[in-house]
Amino acid sequence: MSTLVVGSRASHLARAQVREFLAPLRERFPGVVFRRRVITEAGDQDRRSALRDVSERGGSAFSVNQVNALVSGGVDVIVHSLKDLPTANPPGLILLPPPTRADVHDALCGSTLADLPYGGRIGTSASRRIAQLLHVRPDLVPVEIRGNVPTRLGKLRTQQLDAVVLAAAGIKRLGRGEEISEILPVGLFPPSPGQGALGIQIREDNEWAREVLAGSGDPVTDAEVRAERAMLGELHGGCSVPVGAFGKADGGVLTLHGQVTSVDGGRQVEARLSGPVSEPDKLGVLVAGLLLDQGAEGILAEVRPTAAA
């Protein structure tokens, strides 16, 4: 029997994502053994430092070691959270079209936004979420929290927080959807580019892996996340900058909403544009141009030296 080695991070969420990805493949290819390999990232090892500091020391906090394992041949495919990946692929690697993505929204746990007290303490490690929340509620006090989803949910109690904000997809993939107090609307809180989607990465020359994984991707999801990531790439942003993007395909039309917010929430620029679903990268570049015309570069320049992933 042939073996396909699948790499991912060690968290419960990463395990859930691999199970989700492999379930239909195991049915389609009963003669293939899918073996999982756990790869620990710098962001997993260092849970005290700010993510931007971890990324500055060695690249993206949640993908570098997995990418190295793929390049060296230690694994055949990596299942990432797409939002954790830089927009540029290392030489020799490609991203396959992702499966249908899960819920794209951010979620509040512990309280709804309206019920948070004045000066409420809200836990998150993402500069985008901090910026967006402060833009809507400048009275809130962000508290940086790190760790996997169960750990961050537990910090509601251990750090006396009024709420934490997490990706709805991760909470639901772990079967803890009942702990969500409010789903934040994407109109006000567009997610990180690629949020909710899996990033399926292989070596460009691995024809067998490409053959086995062909057909696992969803073309609608692929168009939506390509537009989002093209916008981010044109802004020269990384996975730790306060940039939100939400692409939505409807028939042959793809609409992209982009947003850039200063870290203190005081300034925010937005742009929306529609185009053919067949040209997602072009749409992403055009929306980025509209954001830059409104001053996005000045906002990002304040954080890029310490936040680039």
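This is a short talk through a predicted model, going sheet by sheet and then on to some helices and loops.

Okay, let's start with the sheet that begins at the N-terminal end of the numbering. It's an open sheet of 5 strands, and the order across it is S2-S1-S3-S10-S4, with mixed pairing. At the edges you'll find strand S2, residues 32-38, and strand S4, residues 93-96; each has a single partner strand, so one side of each has no neighbour in the sheet. If you look at how neighbouring strands sit here, they're turned by 30 degrees against each other on average, ignoring direction.

Now, the pairings inside that sheet. S1 and S2 pair in the parallel sense, over 7 bridges. To find your place on screen, look for Thr-3, which stands opposite Val-33 in S2. S1, residues 2-8, also pairs with S3, residues 77-81, again in the parallel sense, over 2 bridges. There, Val-6 has Val-77 of S3 as its bridge partner.

And what lies across these strands? Helix H1, residues 12-28, lies across S1, S2, S3 and strand S10, which is residues 198-203. H1 runs at about 170 degrees to S2. Put S1, H1 and S2 together and you've got a right-handed β-α-β unit.

Right, on to the other sheet. This one is also an open sheet of 5 strands with mixed pairing, in the order S7-S6-S8-S5-S9. Its edge strands are S7, residues 141-143, and S9, and each of them pairs on one side only. At the S7 end, S6, residues 121-123, pairs with S7 in the parallel sense over 3 bridges. Gly-123 has Val-143 as its bridge partner in S7.

Let me spend a moment on S5, residues 106-109. A bit of background first: in a regular strand, side chains alternate between the two faces of the sheet. So which way do the residues of S5 point? Asp-106 and Leu-108 point one way, Ala-107 and Cys-109 point the other way, and all of them are buried.

S5 has partners on both sides you can check. With S8, residues 163-167, S5 runs antiparallel, and 4 bridges join the two. With S9, residues 182-183, S5 is antiparallel as well, joined by 2 bridges. Leu-108 is a handy residue to click on here: its bridge partner in S8 is Val-165, and in S9 it stands opposite Glu-182.

Two helices lie across parts of this sheet. H6 lies across S5 and S8, running at about 160 degrees to S8. H5 lies across S5, S6, S7 and S8, and runs at about 125 degrees to S8.

How many of the residues of H5 are buried? For H5, residues 127-136, that's 8 of the 10, so this helix is largely enclosed by the rest of the structure. The buried ones include Arg-128, Arg-129, Ile-130 and Ala-131.

That brings in a serine from much further along the chain. Ser-262 sits in the loop between strand S12, residues 253-261, and strand S13, residues 268-276. Is Ser-262 buried or exposed? Its relative accessible area is 2%, so Ser-262 counts as buried. Ser-262 and Ile-130 are 132 residues apart in sequence, yet 9.5 Å apart in space, C-alpha to C-alpha. And leaving out residues up to four places away in sequence, Ser-262 touches Ala-131, Arg-267 and Ile-299.

For contrast, here's another loop residue. Gln-160 lies in the loop between H6, residues 149-158, and S8. With a relative accessible area of 57%, Gln-160 is exposed. As a rule, most residues other than glycine have a negative phi. Gln-160, though, has a positive phi, near 50 degrees, and it isn't a glycine.

Last stop: a pair of helices. H9, residues 219-234, packs against H10, residues 280-293, at an angle of about 40 degrees, and their axes are 7 Å apart. That angle makes H9 oblique to H10. The crossing of H9 past H10 is right-handed. On the H9 side, the contact residues include Ala-223, Ala-227 and Ala-230. On the H10 side, among them are Gly-284, Val-285 and Leu-291.

That's the tour, so over to you for questions.

Methods. Residues numbered from 1 in each chain as written. Predicted model: local features only at pLDDT ≥ 70, side-chain atom pairs only at ≥ 80, totals over all residues. Heavy atoms only, no water. Buried < 20%, exposed > 50% of the residue type's maximum accessible area, 1.4 Å probe, protein only. Pairing = 2+ DSSP bridges. Axes fitted to C-alpha atoms, helices over the stretch in contact; angles between N-to-C directions. Contact = heavy atoms within 4.5 Å. Right-handed = clockwise from strand over helix to strand, strands pointing away. Parallel < 35°, antiparallel > 145°, perpendicular 65-115°, else oblique. Left-handed = near helix turned anticlockwise from the far one by under 90°.
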